[in-house]
Amino acid sequence: MSALRALLPRVRGPLRPWLFCPAQRSFASSAAFEYIITAKKGKNSNVGLIQLNRPKVLNALCNGLIMELNQALEAFEEDPAVGAIVLTGGEKAFAAGADIKEMQSHTFQDCYSGRFLSHWDRLTRVKKPIIAAVNGYALGGGCELAMMCDIIYAGEKAQFGQPEILIGTIPGAGGTQRLTRAVGKSLAMEMVLTGDRISAQDAKQAGLVSKIFPVETVVEEAIQCAEKIASSSKIITAMAKESVNAAFEMTLAEGVKLEKKLFYSTFATDDQKEGMAAFVEKRKANFKDQ
């Protein structure tokens with residue numbers, strides 16, 4: 001981590017765990033996590049919360065942490081009670097990047113043959129919406145992880161960046177691609193080539209972040225948003241997410257064609273019938289996720 005720490009100002013003291021997060025505990029298939037904390041949140045326990053928990057190294061993304069993150073994501077994906085997921089870190093850092101000590105001795109052969117970092121994108125294949133609640137540093141792999149989420153909420157002191165150039169490499173988990181799509185070529189190029197960071201305010205202005213909140217409330221705000229999402233039909237929500245994501249992969253004509261197919265598909269669900277009936281009858285819809 002020496003190289004990573006050289007890129008950051010000195011941080012006094014360890015990350016303080018969020019007060020509303022429980023102590024590390026068993027979750028899902030009785031898996032005891034070492035690098036993350038998980039819980040269910042919301043009035044109906046319909047929001048899955050994942051907190052990155054390596055405070056001594058600013059939540060550096062080691063292989064073990066990514067594997068545990070994937071395990072938690074899969075468990076929440078399979079849980080019928082959970083309708084949305086919130087991913088967060090600590091007050092000082094969401095995640096300050098990949099674990100440099102872990103990767104510094106890798107060779108080209110190691111990376112290519114072992115498909116290095118290929119398991120990082122499990123998050124992008126989760127059908128349920130994921131909100132990143134970012135406080136502090138979201139740098140390198142941390143910025144890439146946040147950009148894999150569907151929505152980014154930022155604390156007012158959050159900082160985003162891709163500083164890999166400063167340690168002799170480039171982003172390797174989608175940084176050059178997702179950042180460019182989010183903020184445009186000029187700003188993305190500047191950030192990638194200089195390693196400079198941008199503030200939460202600049203990130204919002206550029207379109208990387210949707211909302212900014214005080215440091216102490218950003219996670220709760222993300223949970224409230226996730227609760228609202230989880231109150232809708234899960235199957236319809238998954239279709240909506242798929243359609244929006246397709247805009248980054250397809251031409252306009254192809255995307256509109258897919259949207260139309262997914263729109264038609266909603267009429268094969270019970271939840272579409274219930275939703276429209278509730279609207280006509282002026283009552284709250286009772287979705288069954290069918």
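**Entry 1. Ground rules.** Buried means under 20% relative accessible area, exposed means over 50%, and partly exposed lies in between (1.4 Å probe, protein chains only). The model is predicted, so I kept in mind that local features need pLDDT of at least 70 and side-chain atom pairs pLDDT 80 or more, while totals for chains, interfaces and linings use all residues. Residues are numbered from 1 along each chain as its sequence is written, and side-chain values use heavy atoms, without hydrogens or water.

**Entry 2. D289.** I looked up the backbone at D289. Its phi is near 60°, a positive value in a residue other than glycine. D289 sits in the segment after α12, which spans 270-280. I took helices (H or I, at least four residues) and strands (E, at least two) as DSSP runs, numbered from the N terminus. Is D289 buried or exposed? Neither: D289 has a relative accessible area of 30%, so I logged it as partly exposed.

**Entry 3. The β3 and β4 hairpin.** I turned to β3, residues 36-41. This strand is mostly covered, with five of its six residues buried. β3 pairs with β4, residues 47-52, in the antiparallel sense. I noted six bridges between β3 and β4; two are the minimum for DSSP strands to count as paired. I36 stands opposite L52 in β4.

Next I checked the turn. Five residues lie between the strands of this hairpin. G42 takes a positive phi there, near 95°. S45 is in the loop between β3 and β4 too. Its phi is also positive, near 50°, and S45 is not a glycine. S45 has 33% relative accessibility, so I put it down as partly exposed.

**Entry 4. N59.** I followed the chain past β4. N59 is in the loop between β4 and α2, the latter covering 63-78. How accessible is N59? Its relative accessible area is 0%, so N59 is buried. I then looked for what its side chain meets. A polar atom of the N59 side chain lies 2.7 Å from the backbone nitrogen of R54.

**Entry 5. Aromatic rings.** I searched the whole structure for aromatic pairs and got three. Phe, Tyr and Trp rings (six-membered for Trp) pair with centres within 6.5 Å; planes under 30 degrees apart are stacked, over 60 edge-to-face, the rest tilted. F263 and Y264 make a tilted pair. Their centres are 5.9 Å apart and their planes stand at 45°.

I then asked how F263 and F267 meet. Their planes are at 80° with the centres 5.3 Å apart, so I called this pair edge-to-face. Together, F263, Y264 and F267 form one aromatic cluster. I also looked up how much of each residue is accessible. Y264 is exposed, at 54%. F263 is partly exposed, at 44%. F267 is partly exposed as well, at 36%.

**Entry 6. The largest pocket.** I read its volume as about 980 Å³. A pocket is an open set of points on a 1 Å grid over the protein atoms alone, where a 1.4 Å probe fits, with protein on both sides within 12 Å along at least five of seven lines; lining residues have an atom within 4 Å of a point. The volume is the space filled by probe spheres on the points.

I counted 33 lining residues for the largest pocket. Nearest its centre are M147, C149, D150, N245 and F248. Which elements supply at least two residues each? They are α5 (141-148), β9 (151-155), α6 (175-183) and α10 (234-246). α10 gives the largest share, eight residues. By class, the lining has 19 nonpolar, six polar and eight charged residues. Here Asp, Glu, Lys and Arg are charged; Ala, Val, Leu, Ile, Met, Phe, Trp, Tyr, Cys and Pro are nonpolar; the others, Gly included, are polar.

**Entry 7. The second largest pocket.** I noted about 420 Å³ of space. The second largest pocket has 25 lining residues, and A98, M103, E164, T169 and I170 are closest to its centre. α3 (100-103) and α5 are the elements that give this lining two or more residues. I split the lining of the second largest pocket into 16 nonpolar, seven polar and two charged residues.

**Entry 8. Back to α5.** I wanted to see how covered α5 is. Eight of its eight residues are buried. The buried set runs G141, G142, C143, E144, L145, A146, M147 and M148. One of them, M147, is also among the residues that lie nearest the centre of the largest pocket.

Conventions:
A polar contact is a pair of N or O atoms within 3.5 Å; within protein, one must be able to donate a hydrogen and the other to accept it, and residues adjacent in sequence count only if both atoms are side-chain atoms.
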